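Morning, everyone, and thanks for coming. Let me put the structure up on the screen, and then I'll walk you through a few parts of it.

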Amino acid sequence: MRIAILSGGLNAERDVSLRSGRRVAEALRDTMPVAEIVEVDLNGEFLDSLGSATGKHSFDVVVPLIHGAIGEDATLRSMLELKGIPFVGSSAASAARSFDKGVASGLVPNGSAPQFVAFPQSFFREMGAPRILETVIVGIGLPLVVKPISGGSALGVRLCADAEQVAPALVDAFGYGDRVMLQSAVSGTELAVTVIDIGGEPIALPPVEIVPLSGVYDFDARYTAGATEFFVPCRLDSDVVQRVSDYAVAVHAYLGLRDISRTDLIVDSDGTIWFLEVNIAPGMTETSLVPQAIEAAGLNVGGVFSDLVTQAVTRSH
Amino acid sequence: MDPWVDSYAQRAQGLTASAIRALFAVASRPEVVSLAGGMPFVSALDSDRFAEIAARVVREQGAVALQYGSGQGDQTLREQILEISGLVGVRSHPDDVVVTAGSQMGLDLVTKIFCDPGDTVLVESPSYVGALGVFRSYQCNVVHVAMDSEGLDPQALREALVHARASDSPVKLIYTIPSFHNPAGLTQSFQRRQEILAIAQEFNVPILEDDPYGLLGFEGEPPQAIRSLDDQGVIYLGSFSKIIASGLRVGWVIAPHGVREKLVLAAEAATLCPSNFSQLTVSRYLAEQPWQQQIKVFQELYRERRDSLLQSMQALMPAGTTWTVPKGGFYSWVTLPHQLNATTMLPRAISSLVAYVPGTGFYADGQGAHNLRLSYCYPDPSRIEEGVRRLAGVIEAELDLVNTFGVKTSGETRGNSQPQLNPNSDLI
């Protein structure tokens, strides 16, 4: 079997993606010694190498680990579907639902996303930013979080405790995309819950609790070993863990996701679950969350991904 | 996860991931015009001839080339180095030359033997990102000293030295790049060099003179090194990276006798000896090839690229953007309209397939938000023009955005109030 580990891409998360790809490729080489595992970057040559839906493919299956735009929205996945090549992970249609944080927030169970609005830059320009911001800040309240509507690794994300911080935060966030979300900031325990979906039975792995030493789980905190403390298992009561696990499985189902997903959420002091976002090509680097959850579940990255690869190939038959 | 997190030394704490560095991963894609990295255009060398030289080094001098060598470096090469340094007026003895793995290693060794944690190093404002990385790793107190159009400002230097004298932290080094400065693109006049040297002598602080671009001027004779004026108070760093090839990793330090002795011991402790293979290859290249002619080829190539950059900026940059006009070297330093922040703007530039290095990378104290460095050494002139066109579009879009939100100054950068770049070869 020839497996393409697709990583890199052309957005701000390229470096993270390359590291994810390397990690998964190494793990798969251990568990699938007979398979030929090739790390490839996304470019025209790669697309050509996939051949056509009716012709011969140079790979048997693709593991897309491109993070952010193109990789986690519908773009790449639609292309793979048109080419008729099996791939690990969610379909183009469900990627379109999950990638846009605004769309996903509207679809998750029980209105569990904190209150938000999402606007394009042109709206601010044409209507006048001050009046919009005034309405938003009064309506949503402070503190609020400004973040690009799509994309990951907390790039362009800022917590605004007072009104003056909002406009500069928007300038920052619009650097990463044309639509930006302003969302009520919820405080509580930050968790990432991985769902592995093999044989039509999605299960939640142990939630990973995230405590950034700087207080904010930003890019530097994510990718500098030691800058964030992780607790797996998390320090919440078992009934909360159960609810959180059920919730992540429900998100996976509501959005029609496949194979693997990671739901990021906050549990506040009342025990209420707040949805932040869901990732369908979650980071697999040395400091990433999903590998920690996999290990805590007594599994290993190679084992999980070889099951997912086999499932993707079987699904296509 | 990393099980050794709690074991690292304090000096490793500055070695953190950063969003800026991650963005540069994209800059290596062919779609992106990178005006970021200072990679010499080594393709201008005759690679067949180089291959022949390397092959003959192994065939004819293999027993030496593939063996350990002198910690101070090959004797013949050290003599040849003096011939090259002579072009910038440096007169010395082969005994006072230490060969290093690029001048970056020289920078590291000099800092290692001079600076205890907390000692002060005076640097230009802005300064070379790779030097800041070294000073940070030795836990130095880095103080930036203002520059004017002729580089390091003597008045500001004097004030900084007076100020430091009143503090607990002794000034151990004055680090300067007098010719075709990285990143500022400025060059000190001869008179300026004399003034700076006089002040250093008065305060009895050694000058660490970093001169990798000295022979890459576009007009007239190469500027004479500060070291040409004083052989006791100046430690001189030179490099083959820009006049032959950076991949060879051969540079040198010319130091006063006592410093040189310490340097050799420190170098031996660090690496035992520089690569004999690289040294012999360089030595043979210098002996057999018209290297001065090759430097002229590089000068012409970079001058043409500099012209392309300057002409494109003149034609395309939005009003309110200014830049320095380098007379040699690789870089121009751009100042954006005051309401823009080059770090915040970088992801937009990357999405628009053009890369630069944000100005904050060249400061240890968070300055430089409104600046960026453009390097013209690697892309060909038409790509440079395309890159400037994209960048001009990015600046216009960012101005539009900032005006939309009425943001006056966008000095703060995301997440970290004092972002520091750990240098890598994409940024040098």
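Before we start, one term: two strands count as paired when DSSP finds at least two bridges between them. And please keep in mind that what you see is a predicted model.

Let's use that term straight away in chain B. Here you'll find an open sheet of four strands, with the order β11-β12-β15-β14 and antiparallel pairing. Which strands stand at the edges? They are β11 (322-323) and β14 (357-358) of chain B; each has a single partner strand, so one side of each has no neighbour in the sheet. Moving inward along the order, β12 (residues 331-335) and β15 (residues 371-375) of chain B are joined in the antiparallel sense by five bridges. If you'd like a landmark for that pair, look for Tyr331(B), which sits opposite Ser375(B) in β15(B).

Staying with chain B, how does it meet chain A? The contact involves 29 residues of chain B and 35 residues of chain A. On the chain B side, the elements giving two or more residues are α1 (19-27), α12 (342-351) and α13 (381-405). Sorted by class, that side has 15 nonpolar, eight polar and six charged residues.

Now over to chain A, and a strand I'd like you to find: β8 (residues 189-198). Is it enclosed or open? Nine of its 10 residues are buried, so β8 of chain A is largely enclosed by the rest of the structure.

Let's go through its partners. With β12 (residues 260-267) of chain A, β8(A) runs antiparallel and shares eight bridges; there, Thr189(A) has Val267(A) as its bridge partner. With β10 (residues 208-212) of chain A, there are three bridges, again antiparallel, and Ala192(A) is partnered by Val208(A). Then comes β9 (residues 201-204) of chain A, antiparallel to β8(A) through four bridges, where Val195(A) faces Ala204(A). β8(A) and β9(A) form a hairpin with two residues between the strands, and Gly199(A) in that hairpin has a positive phi near 70°.

Last stop, a pair of helices in chain A. The axes of α3 (residues 74-83) and α4 (residues 92-99) come within 8 Å and cross at roughly 180°. Angles over 145 degrees count as roughly antiparallel, and these two helices are therefore roughly antiparallel to each other. Ala74(A), Arg77(A), Ser78(A) and Glu81(A) of α3(A) meet Ala92(A), Ala95(A) and Ala96(A) of α4(A). By class, that makes four nonpolar, one polar and two charged residues.

That's my tour, and I'm happy to take questions.

Terms used. Residues are numbered from 1 along each chain as its sequence is written. Chains are lettered from A and ligands numbered from 1 in the order in which they are written. This is a predicted model: local features need pLDDT of at least 70, side-chain atom pairs count only at pLDDT 80 or more; totals for chains, interfaces and linings use all residues. Two residues are in contact if their C-beta atoms, placed from the backbone, lie within 7 Å. Ala, Val, Leu, Ile, Met, Phe, Trp, Tyr, Cys and Pro count as nonpolar, Asp, Glu, Lys and Arg as charged, and the others, Gly among them, as polar. Axes are lines fitted to C-alpha atoms, for helices over the stretch in contact, and angles run from 0 to 180 degrees between N-to-C directions. Angles under 35 degrees count as roughly parallel, over 145 as roughly antiparallel, 65 to 115 as roughly perpendicular and the rest as oblique. A residue is buried if 20 or more other C-beta atoms lie within 10 Å of its own, exposed if 12 or fewer, and partly exposed in between; C-beta atoms are placed from the backbone.
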